[in-house]
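User: Could you take a close look at one part of this protein for me? I'd like the biggest nonpolar core, and then how the rest of the chain sits around that picture.

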Amino acid sequence: MDRIRTPLVARSGLVQQIITALTTDRGAVLVGQRGTGRTTLVEIVTRQLSTDRYAVTRTTATEAGRPIPFGPFCQLFPVTGDPALVPGRIRAELVRRGRSRTPLLVVEDAHWMDDRSASTLLGLAHDSHIRLMVTTRADVATPDAVVALWKDRHLRRVDLPPLDPAETATLMRAMLGHAVASTTVQLVYQWTGGNPRLATELVRHGTATGRLVRDRGLWWWRGPLSVPPQLVELFLPESNRLTPTHRDALAALAVSDDLPIELIDRVAPAAVEELEDLDLLRTTDTEDGVSVGFSHPLLQAIAWAQVSPARRRRVASALVEAAREVGGTAPDPVTVARWQAAVGVPVTGAVLTDAARLLRSHDPEQALRLARIAFGRDRSARATVVLADALAEQGTGREAQSILHQATASERSAAGRIVLSAALALHRCATERDPASAHADLRALRAVASLDAPEADVVDGAGALVLLVGQRPAEAIRVADRLLHRLPHGSAGGSSALRCRIARTVALALVGRTDEAAAAGAAVVADAGGGAGAPDTAGLAAAALSLVGLWRDGSASLPVTDPILGRWPRPPGTVPGTRLRAVDWPLLVGYARLLRAEYPAAIEPLREALAQQAVGFRPFRSEASAWLAVSLAGTGQPDDAQRVLDVEPPDRLAMLPGLRPWADGAVAAARGDTRSAGRRLEEAVAAAHTAGCWSVELQYLTWAARLPPADQPVALADRLARCLRYVDARRLVTEARGELALLNRDRPGLLEHATRLAEIGLHRPAWRLAEAATWVSPGRDQDYARAVALAGRLRGALGLPAPNLASPTLTARENEVAALAATGLPNREIATRLVVSARTVESHLARVYRKLGIGSRRELRADWFSRAAEGGPGPPTTPDTYLV
């Protein structure tokens, strides 16, 4: 890979800034942190400058040469004689080398210049016949004369900021040749801080060591952080500058994460301040005191590789003792488990299980190791369940079920057997994708559990979740209410109650009671708090609330996930056991874009989400598969959508009923087979109706209303009106009422609902209704003018091209005939669907051809779909726009 070109993929704007400064002014000073590409930018710029116009002379200042007067210039030509005359001789030599060209002096690392060299450089900046390009570090003390270059406006200062996440993605894609998973982009961005050199080296190292792998069309980072050897030299100072006490402090943080300064001082007295001066550590004021951590994310991996096993054991032992003596806030279970494992002493079973549970969602390998150790020392029901969860997250669900079976058979206490049996039912539901059988197991278990016993809470908590993912929301609400009514007034309950409240929130949204769901979800998220004890459960609460928000007003605070695996939603903050920040959860990012009809933008996050849901616990695989297929179909890729459904089909485990027939309908519509699309959507509607999911049924009916009239479900308007009585989600209701207005050819209704959708930021659905309002009924009255104006504003907001105003507008009937003819239907079939004669169809088509300036069905199809794809004047009844 090209060392010069690759890091500058996202930096073309900076190159242009520097060239402009050189060609229109006296030059530029490039200021940036180490590794931000100063040297690379210099090489790019000098290559782009004309050799006929500029004579480039290049030198570099060094730390070792700083004591030498005129050190950087000694590399170019002899510097002898009276020091006062040297600057003049340097200028004369630059002019002599340039001959008829403009001299360009490039000085790299000017922060290491001696004072005389810096003064000479400042003097050259006053010369209008010489151009300068100077690079300096932002994090190193720089001579005053160099600072004066930009401070006194002799040269233009060009700052080299770190890459942002989007630029990091551009860089990685350019290096790897294919798209990179957004979570992996975030990993590299957070590990490198957006430093181009670090990102480049890390990508190269990842491909060389197999850490970066391509799977399902995306590049992913697999496994722990591994740092290339050349970066170790970049971060760590010479070994003689680090004392044994320094190394103890670095080791303490390497086996932990951020630590209170009191603990570090016990292990390595007075080392923090000295290491902070060396830019290896940083301190942060918190509510509990001063926290100490590495100054750069890569330093933890580097320090860990540098620490010997003997030092690791000694320092970890000192940390365990120091934590006991200092008291205060106890370290988290992951940190304590690391210490005790490093020391080699028996780790408390409770600490191991807590650590394994915290690590399961983002570091399943380490979670499984800790869970196996805990299980070996403590065969309690809790340790068994944690081990089974860790196994399932690694993709060995059958082994997890076997362990739970054996533990249940050997468990002596009734309470333990109920806990294990409930866990076994959940695992059966997830591994075998069989919520119905899991529900039967839990129902049988519930019959033997006392109504007042804590074990009944465990069964009901599991039961509510199983009913939810088995598309039985009304029953999930009843089971959840049964548990919640047993709680003391004002009590939030334990983990089982939290499960019930999450299931109840989603179930309320499914049955149409989204106002109740929003209130319930907000309370659950508040009670889950930071989620330190149950990150997965707290994350699910946030995801449930986001789903409700998307249905109510189209906007919501989307849940986040860890950037390592990204399978589960989690509460905001840092990931346990790491310094990584949580990032947007791809599954709901893609779904939010799908609901806004932004199909191209939805594909990448949904493809990523499906890959994340293809291994381990896969609670959202059906949704990811169906949503991706619908998005692909919406962009005119039915074959790709069908492949998704064939390889990863939606199955029985899903919160939303009717996912497979809905996706099949989208594929059929994208192929122009609107009759099959109508049949499949009818199946989706029936599935949602059977499940009592009024919100989902309303969505399917809304999509069905976008099919040609002959292919819409029977009595569609009546069914839409009935559904609307049960759903209070403003966004879903507004879209459905807009379709009703279109069915009734009600221009004022279309305008009203288009305006409401636009008010909540749903511009594409609003544009569709506004466009329809320009043609649904004859006459150019005031409503027509308002519709044209609204459609124009929305078209501009969406960045769509203006319609071809030179093309005559088709009538409503001509639109219908053209839409059906564009799908390839013969005249007789079109006549049957529209209840007219074949001769009438021929007459309509003749007028369509004349108005559009075409002469065949093939041209009609090409013209029709190209104009619809470009946002042209085709009506909403065209097959490829039924998903819009």
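Analyst: Here's a walk through the core, followed by a few other spots. Keep in mind that this is a predicted model.

Start with the core itself. The largest nonpolar core has 105 residues. The members that touch the most other members are Trp-551, Tyr-591, Trp-627, Leu-656, Trp-662 and Tyr-700. As for who contributes, helix 25, residues 495-510, supplies the largest share of this core, with 10 residues. There's also a second, separate core of 54 residues, and Met-172, Val-185, Ile-264 and Leu-298 are among its residues. As a general backdrop, nonpolar side chains tend to be buried together in soluble globular proteins.

Now zoom in on Leu-656. Once you set aside the neighbours within four places in sequence, Leu-656 is in contact with Gln-471, Leu-510, Trp-551, Tyr-591, Glu-623, Trp-627 and Val-696. Three names in that contact list, Trp-551, Tyr-591 and Trp-627, also turn up among the core members that touch the most others. Gln-471 and Glu-623 are in the contact list too, so a contact of Leu-656 can be a residue type that the core definition leaves out, since that definition takes Ala, Val, Leu, Ile, Met, Phe, Trp, Tyr and Cys. Leu-510, another contact of Leu-656, carries the number at which helix 25 ends.

Leu-656 isn't the end of the story in that stretch of the chain. Glu-648 lies in the loop between helix 31 (638-647) and helix 32 (659-670). Despite being in a loop, Glu-648 has a relative accessible area of 9% and therefore counts as buried. Who is touching Glu-648? Not counting residues up to four places away in sequence, the list is Arg-216, Leu-610, Ala-614, Arg-621 and Ser-625. So there are two Arg residues in the list, Arg-216 and Arg-621, next to Leu-610, Ala-614 and Ser-625.

Next, Gly-521, which sits in helix 26, residues 514-528. Gly-521 is buried because its relative accessible area is 1%, against a cut-off of under 20%. Apart from residues up to four places away in sequence, Gly-521 touches Thr-505 and Leu-545. Thr-505 has a number that falls inside helix 25, the helix with the largest share of the core. For a sense of distance, Gly-521 and Thr-832 are 311 residues apart in sequence, and their C-alpha atoms are 50 Å apart.

A contrasting pair comes from the other end of the chain. Val-15 is in helix 1, residues 12-24, and is buried at 7% relative accessible area. Val-15 and Gln-48 are 33 residues apart in sequence, yet 9.4 Å apart in space, C-alpha to C-alpha.

There's a bit of sheet worth a look as well. Three strands make an open, antiparallel sheet in the order 8-10-9. Strand 8 (259-260) and strand 9 are the edges, each pairing on one side only. Strand 9 (residues 281-286) and strand 10 (residues 289-294) pair over 6 bridges, and a hairpin joins the two through 2 residues. Within that pairing, Leu-281 has Phe-294 in strand 10 as its bridge partner. On the other side, 2 bridges join strand 8 to strand 10, with Leu-259 opposite Val-292.

Just ahead of strand 9 is a backbone oddity you may want to click on. Asp-279, in the loop between helix 13 (271-277) and strand 9, has a phi near 65 degrees, a positive value in a residue other than glycine. Ala-715 also has a positive phi, near 50 degrees. Its loop runs between helix 34 (694-704) and helix 35 (716-724), and Ala-715 is partly exposed, with a relative accessible area of 41%.

Finally, the whole chain. The protein has 43 helices and 12 strands, and its C-alpha trace spans about 105 × 85 × 45 Å along the principal axes. Buried residues make up 56% of the 884 residues. Of the contacts between residues at least 6 apart in sequence, 67% join residues at least 24 apart. The exposed area is about 36,500 Å², with carbon and sulfur atoms supplying 51% of it. As for charge, the mean positions of the 106 positive and 95 negative charges are 5 Å apart.

Methods:
Residues numbered from 1 in each chain as written. Predicted model: local features only at pLDDT ≥ 70, side-chain atom pairs only at ≥ 80, totals over all residues. Heavy atoms only, no water. Core = buried A, V, L, I, M, F, W, Y, C linked by side-chain atoms within 4.5 Å. Buried < 20%, exposed > 50% of the residue type's maximum accessible area, 1.4 Å probe, protein only. Helix = DSSP H or I, 4+ residues; strand = E, 2+ residues; numbered from the N terminus. Contact = heavy atoms within 4.5 Å. Areas by Shrake-Rupley, 256 points an atom, 1.4 Å probe, with all protein chains shown as cover. Lys, Arg positive; Asp, Glu negative; His and termini not counted. Charge placed at Lys NZ, Arg CZ, Asp CG, Glu CD. Pairing = 2+ DSSP bridges.
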